[in-house]
Amino acid sequence: MRNRKKGYADQSAEVARIVRRRNPFASSLLDVACGTGLHLQFFVKLFDRTVGLDVSADMLRFSQAKIPGIEVRCADMREFKLGELFDAITCMFAIPHLQSVAELETTIECFVRHLAPGGVVIIEPWFSPDEFIPGHAATDLIKDDSRTIFRASHSVRHPGDGNRIQMVVHSVEVDPASGIHHSTDTLLMTLFTREQYETAFAKAGCDAEYLRDDRFERGLWVARRAASGGKDARVDD
């Protein structure tokens, strides 16, 4: 799939450069919440071993069909246990789907547990509470071979919690074989502050930095695990 607003190849290449500036010999990458493989399809060309993880088996089947031979794991990003370590872990945009600060902290701690010593984690965030504009609307046109998908979303603050966002998403799929299909979803998403990200990384034992980059609309959070043995080198069971 291709989205006209995002340069997935350029973004993936920049992520690889950021990783290797901090860990020059990084050879393995875990892409968490990989979805349909929009970044994963490029990560496989940039690392010796690349694994995709997603909670949706349907998404993973789509990735496997698009990226022959790709390794995938079906698991929740908040609590996965793979029994192996990676030189880099990425999570592109999915963090806003977490429901609380407690889930943010649990998720980042889970990421860090799966990092090899000196490993790098990169997270693409969403708006912070002071950046969000009520009534925010977005549209995407996505093409995949003969299919065309138009996606439109509208977001407002949740009436019970100003740091929660209610997003209504309409999708129209045009498929020559099966016709036109329309679906509507309502999502609850969370606006996290920079301080909440910093605290979550600190609790996981990492210093994090926020990077601005024109390739990523909301920037990136980057953290590196200590290059030491002992507790930092354990494999999660």
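Which residue in β3 is the bridge partner of L30?

1. The bridge partner of L30 in β3 is V51. The model under review is a predicted one, and the points below start from the strands around this pair, then move to the helices, the cores and a few single residues.

2. Strands β2 and β3 are joined by 5 bridges and run in the parallel sense. On the β4 side, β3 is again parallel to its partner, with 4 bridges between β3 and β4. V51 takes part here too, since this residue stands opposite E71 in β4. Another facing pair of the β3 and β4 ladder is D54 and C74, the latter in β4. The connection from β3 to β4 goes through α3, and this β-α-β crossover is right-handed.

3. These strands belong to an open sheet of 7 strands with mixed pairing, in the order β4-β3-β2-β5-β6-β12-β11. The edge positions are taken by β4 (71-74) and β11 (208-213); each has a single partner strand, so one side of each has no neighbour in the sheet. On average, neighbouring strands are turned by 20 degrees against each other when direction is ignored.

4. Two helices can be placed relative to this sheet. Helix α3, residues 57-66, lies across β3 and β4 and runs at about 175 degrees to β4. Helix α5 also packs on the sheet, where it touches β6, β11 and β12, and its direction makes about 25 degrees with that of β12. As for β3 itself, 5 of its 6 residues are buried, which leaves the strand mostly covered.

5. The largest nonpolar core has 29 residues, and the members that touch the most others are V32, I108, F111, I123, Y197 and F201. At least two residues each are supplied by β2 (28-32), β3 (49-54), β5 (86-92), α4 (101-113), β6 (115-124), α5 (194-203) and β12 (216-224). Helix α4 gives the largest share, 5 residues.

6. V32 shows how one of these members is surrounded. Leaving out residues up to four places away in sequence, V32 touches L53, M77, F80, I89, T90, C91, M92 and F111. Apart from the largest core lies another core of 15 residues, including F43, F47, A88 and V222.

7. What does I165 touch beyond its neighbours within four places in sequence? I165 is in contact with W126, F132, S155, V156, R157, H158, L187, L188, M189 and L191. The residue sits in strand β9, residues 161-175, and counts as buried at 0% relative accessibility. Between the C-alpha atoms of I165 and Y197 there are 18 Å, with 32 residues separating the two along the chain.

8. H39 lies in the loop between β2 and α2 (40-43). Is this histidine's environment buried or exposed? With a relative accessible area of 7%, H39 is buried, because the cut-off for that class is under 20%. Its side chain makes a polar contact of 2.6 Å with the side chain of Q11. Not counting residues up to four places away in sequence, H39 touches Y8, Q11, S12, D31 and M92. M92 is thus listed for H39 and also among the contacts of V32.

9. Two backbone angles deserve a look. A33 is not a glycine, yet its phi is positive, at about 55 degrees. This residue is found in the loop between β2 and α2, and at 24% relative accessibility A33 counts as partly exposed. F93 likewise has a positive phi, near 80 degrees, in a residue other than glycine. F93 is found in the loop between β5 and α4, and its relative accessible area of 27% makes F93 partly exposed.

Notes
Residues are numbered from 1 along each chain as its sequence is written. This is a predicted model: local features need pLDDT of at least 70, side-chain atom pairs count only at pLDDT 80 or more; totals for chains, interfaces and linings use all residues. Side-chain values use heavy atoms; hydrogens and water are left out. A nonpolar core is a set of buried Ala, Val, Leu, Ile, Met, Phe, Trp, Tyr and Cys residues joined through side-chain atoms within 4.5 Å. Buried means under 20% relative accessible area, exposed over 50%, partly exposed in between (1.4 Å probe, protein chains only). Contact means heavy atoms within 4.5 Å. Two strands pair if DSSP finds at least two bridges between them. Axes are lines fitted to C-alpha atoms, for helices over the stretch in contact, and angles run from 0 to 180 degrees between N-to-C directions. A crossover is right-handed if, with the strands pointing away from the viewer, the path from the first strand over the helix to the second runs clockwise. A polar contact is a pair of N or O atoms within 3.5 Å; within protein, one must be able to donate a hydrogen and the other to accept it, and residues adjacent in sequence count only if both atoms are side-chain atoms.
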